[in-house]
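Q: I should like to learn how individual features of a model are to be read. Where should one begin?

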Amino acid sequence: MAYATTLAAQPFPDIYPAKQTLRLTAKRTAAEGIVAFEFSSLDGAPLPPFGAGDHIMIDLGPQMSRAYSLCNDPAETHRYVIAVLKEPDGKGGSVAMHALDEGAEVAVSLPRNNFALVLGAKRHILLAGGIGITPLLSMAHALSRHKADFVLHYGVRDLSRMALRDLIQAGPFADQCMLHVDGHADYPAYDIPQILAEPNPDTHVYVCGPTPFIDHVATVAKANGWDPDQIHWEYFVAPETDDPAEKVSFEIELVPGGEIVTVGPEESVVEALEREGIFVLTSCAEGVCGTCLLELVEGEPDHRDHYLSDADKARGDCFMGCVSRAAGGRLRIKL
Ligand code: FES
């Protein structure tokens with residue numbers, strides 16, 4: 001993996017320790033602006049298994065790795081399938097993905113999961129918004145295979161942006177999938193308050209899509225009395241904030257060396273360390289993948305990621321250096 005030359009001795013192990021070189025064996029348009037990619041082993045050997053909701057990290061260049069959810073059936077061992085929305089104004093990952101040619105060899109991590117099904121639940125509600133369909137598709141495959149009670153709702157603003165619709169409608173769970181297209185007479189409205197009208201302790205809800213969509217689901221679920229432990233989500237980007245704390249500088253102290261590094265108002269902890277010649281492994285730079293986890297010795301972070309659980313944050317021994325800041329005072333980190 002090609003990172004900058006000097007790496008900080010991160011106290012936590014690389015969470016994506018194993019990489020494999022895979023071949024891009026198929027690439028096809030899945031919807032307007034969305035391309036589906038299939039990766040297979042170089043020699044035809046079975047791939048390491050994956051589970052519903054897993055994602056892989058793909059190396060796209062120096063300091064550029066990106067996480068993408070697997071969307072095919074976890075029972076398949078001959079391929080990993082992802083779908084990527086091209087975002088020309090993004091940080092470059094989707095553009096680099098779309099530029100890959102069939103036959104290209106790329107370094108891909110082992111599958112990893114931050115978004116798991118609750119296997120003991122009696123019913124599952126999958127709520128997808130836009131490209132957020134990808135992890136929920138692998139979940140739907142797994143639930144269908146196990147004949148579980150579930151429904152998949154998939155909403156888009158425009159029908160031309162509905163990725164993989166052909167596969168969904170021809171697939172084994174077509175009858176359990178409800179498609180929603182804004183303002184389209186042939187598709188019912190995506191009525192989240194109605195879908196989540198009645199909390200049920202035996203039901204778990206999984207949501208993935210744009211941040212406003214996830215926030216809307218969370219708000220409705222809370223208002224309707226769902227237990228927060230029954231709502232599961234996966235964000236693609238860290239939350240935006242208008243908090244003034246975002247705009248002030250603060251200090252970090254390196255333990256045991258004692259060096260003090262000032263983090264400017266417009267830079268991240270990772271960027272401030274990099275300015276001082278200390279390079280921390282990063283991947284998403286959005287607070288969602290977990291790669292840049294830093295060990296906290298003392299101080300109160302202002303957690304701005306979507307990776308750590310509430311329990312992780314309450315423990316107070318780590319934070320994500322790509323997005324999180326100090327809530328006040330200095331952060332002492334072990335490096
Ligand atoms: S690099 Fe992904 S969480 Fe920081």
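A: Let us begin with a single residue in this predicted model. Pro135 counts as buried because its relative accessibility is 0%, and the cut-off for buried is under 20%.

Q: Where is Pro135 found, and with which residues is Pro135 in contact?

A: Helix α2, spanning residues 133–145, contains Pro135. Beyond four places in sequence, the contacts of Pro135 are Gly53, Ser69, Leu70, Phe115, Cys208 and Glu234.

Q: What is the nearest side chain of opposite charge to Arg66, and how many Å away is it?

A: The side chain is that of Glu286, 7.3 Å away; Arg66 is buried and has no salt bridge. A salt bridge requires a nitrogen-to-oxygen separation within 4 Å. Arg66 belongs to strand β4, residues 64–69, and among the residues it touches are Ile56, Lys91 and Ser283. By contrast, Asp166 and Arg28 do form a salt bridge, at 3.5 Å from N to O.

Q: How is the size of an interface often given?

A: It is often given as the accessible area lost when the parts come together. Here, domain 1 (19–113) and domain 2 (123–234) bury about 1,500 Å² between them, with 57% of that area on carbon and sulfur atoms. Three salt bridges are found across this interface. The centres of the two domains, taken over C-alpha atoms, are 23 Å apart. To the contact, domain 1 gives 18 residues and domain 2 gives 17 residues.

Q: Which residues have a pLDDT under 50?

A: Residues 1–13 stay under 50, whereas the chain averages 89 and 91% of the residues score at least 70.

How values were computed:
Residues numbered from 1 in each chain as written. Predicted model: local features only at pLDDT ≥ 70, side-chain atom pairs only at ≥ 80, totals over all residues. Heavy atoms only, no water. Helix = DSSP H or I, 4+ residues; strand = E, 2+ residues; numbered from the N terminus. Buried < 20%, exposed > 50% of the residue type's maximum accessible area, 1.4 Å probe, protein only. Lys, Arg positive; Asp, Glu negative; His and termini not counted. Contact = heavy atoms within 4.5 Å. pLDDT = per-residue confidence, 0-100. Domains from an automatic or database assignment. Buried area = accessible area lost by both parts, 1.4 Å probe.
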